[in-house]
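Work through the exercises below with the model open beside you. Each task is followed by a solution in steps.

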Amino acid sequence: MSESINPCPIQLNDQGQLRHFLSTEGLPRTLLTEILDTADSFVDMSAQQVKKVPLLRGKTVVNLFFEASTRTLSTFELAAKRLSADVLNLNISTSSTKKGETLKDTLMTLRAMHSDMFVVRHSDSGAAHFIAQQVTPDVAVINAGDGRHAHPTQAMLDMLTIRRHKGEFEPLKVAIVGDILHSRVARSQIHALRTLGAAEVRVIAPLTLLPRNIESLGVKVFTDMACGLRDVDVVMMLRLQKERMQSALLPSESEFYKLYGLTNDKLAFAHPEAIVMHPGPINRGVEIESAVADGPRSVILDQVTNGIAVRMAVMSMSMSGQLAAQQSAASAEMPNE
Ligand code: NCD
């Protein structure tokens, strides 16, 4: 698939700790598991009366959103606040870049404000990676969705939701359904599921919404819901990304719904205890029927709750990976006694 960018070397410090979080691709299983374990402890904490920990006290987090977002932005904001950081939300689509400022100038301005972490959402694939290359070594960058490339915190909150409902990944058959072609979420989910050892990862979509060579990511491809959903433990629905469709890839939304919309009738093909997920925003009657979205098998709202915990985990882990990298750079510069 053409959207592959290998951010692995830049994501980790010399000791293999997370430093930037740009993609789930290429990260070792131990690290993905550490993110889930850390997030688990934050889920429990968020249910308590006092929801704050001082892990990012004195740090400034800038949410740099070049593309509209509601749940991702608000859960990143809450996550940073629960870690005691100072948070600045910048909606760049309505500010300086509209006045002609380049991305590099925006970054330098923010750097002059002594920001410690950038959470970046951008419509271009590779934007977060580019920013991670531009910032000074003491700034961490978290990708909150770049073009069609990656949405790693969404994938990890999905993994956390699966693990909390289903336990270990090894026995699980998982189906990802819908607009795979335009989905950064699907790419990040596939990499995470494969690394965490899920038994089978399937994609189900019309041929027009499947990227070429998707099989090379280790997934089984289906164009039919009855076959694709058979016995799966997890159904992960995707939104139709109409804003990214350059030409008519579908006859109509109602035709898509008839063939691929998740109704209780189609869900009956899956394992009787299968859970249903969707990253949101959901289009009822297009990708999913309300009876399923609001039904007993839906874990869509758990995904939102788990999103805060996962974002707290990657923010705190990348900040400590960043500090460890600085300490080892400083000790390497110390003259020998
Ligand atoms: C996803 C995104 O922005 O990529 N949504 C989200 O992060 N909540 C999926 C989507 O927009 O369809």
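**Exercise 1: α6 and α7**

In this predicted model, helix α6 passes helix α7 in a right-handed crossing. Task: find the angle at which α6 and α7 pack, and state which residues make the contact.

Solution.
- Step 1. The two helices, α6 and α7 (residues 184–195), pack at about 50°, and their axes are 8 Å apart.
- Step 2. Angles from 65 to 115 degrees count as roughly perpendicular and those under 35 degrees as roughly parallel. The angle therefore makes α6 oblique to α7.
- Step 3. On the α6 side the contact is made by P152, Q154, A155, M156, D158, M159 and I162, and on the α7 side by V185, S188, Q189, A192 and L193.
- Step 4. Sorted by class, the residues of this contact are eight nonpolar, three polar and one charged.

**Exercise 2: α6 and α12**

Task: describe how α6 packs with α12, and sort the residues of their contact by class.

Solution.
- Step 1. Helix α6 covers residues 152–166 and helix α12 covers residues 300–333. Their axes lie 8 Å apart, at an angle of about 115°.
- Step 2. The crossing of α6 and α12 is right-handed.
- Step 3. From α6, the residues in contact are T153, Q154, M156, L157, D158, L160, T161, R164 and H165. From α12, they are D302, Q303, N306, G307, A309, V310, R311 and V314.
- Step 4. The classes in the contact of α6 with α12 are six nonpolar, seven polar and four charged.

**Exercise 3: α4 and α5**

Task: state how the axes of α4 and α5 cross, and which residues make the contact.

Solution.
- Step 1. The axes of α4 (residues 103–112) and α5 (residues 127–134) come within 11 Å and cross at roughly 50°.
- Step 2. This angle makes α4 oblique to α5.
- Step 3. The crossing of α4 and α5 is right-handed.
- Step 4. L103, K104 and L107 of α4 meet F130, I131 and Q134 of α5.
- Step 5. These residues divide into four nonpolar, one polar and one charged.

**Exercise 4: around the ligand**

Task: list the residues around the ligand, then give the distances of the polar contacts made by R121, R239 and G280.

Solution.
- Step 1. Around the ligand are R71, T72, R121, H151, Q154, R184, V185, R239, Q241, P279, G280 and P281.
- Step 2. The side chain of R121 has an N or O atom 3.2 Å from an oxygen atom of the ligand.
- Step 3. For R239, a polar side-chain atom lies 2.7 Å from a ligand oxygen atom.
- Step 4. G280 uses its backbone: an N or O atom there is 3.0 Å from a nitrogen atom of the ligand.

**Exercise 5: two backbone details**

Task: state which residues the cis peptide bond joins, and where H114 is placed.

Solution.
- Step 1. The cis peptide bond joins G280 and P281, with omega about -5°.
- Step 2. P281 is found in the loop between β9 (275–277) and α11 (290–293).
- Step 3. H114 is in the loop between α4 and β3 (117–122).
- Step 4. Phi of H114 is near 55°, which is positive, in a residue other than glycine.

Notes:
Residues are numbered from 1 along each chain as its sequence is written. This is a predicted model: local features need pLDDT of at least 70, side-chain atom pairs count only at pLDDT 80 or more; totals for chains, interfaces and linings use all residues. Side-chain values use heavy atoms; hydrogens and water are left out. Axes are lines fitted to C-alpha atoms, for helices over the stretch in contact, and angles run from 0 to 180 degrees between N-to-C directions. Helices (H or I, at least four residues) and strands (E, at least two) are DSSP runs, numbered from the N terminus. Angles under 35 degrees count as roughly parallel, over 145 as roughly antiparallel, 65 to 115 as roughly perpendicular and the rest as oblique. A crossing is left-handed if the near helix is turned anticlockwise from the far one by less than a right angle, and right-handed if clockwise. Contact means heavy atoms within 4.5 Å. Ala, Val, Leu, Ile, Met, Phe, Trp, Tyr, Cys and Pro count as nonpolar, Asp, Glu, Lys and Arg as charged, and the others, Gly among them, as polar. A residue is near a molecule or strand if one of its heavy atoms lies within 4 Å of it. A polar contact is a pair of N or O atoms within 3.5 Å; within protein, one must be able to donate a hydrogen and the other to accept it, and residues adjacent in sequence count only if both atoms are side-chain atoms.
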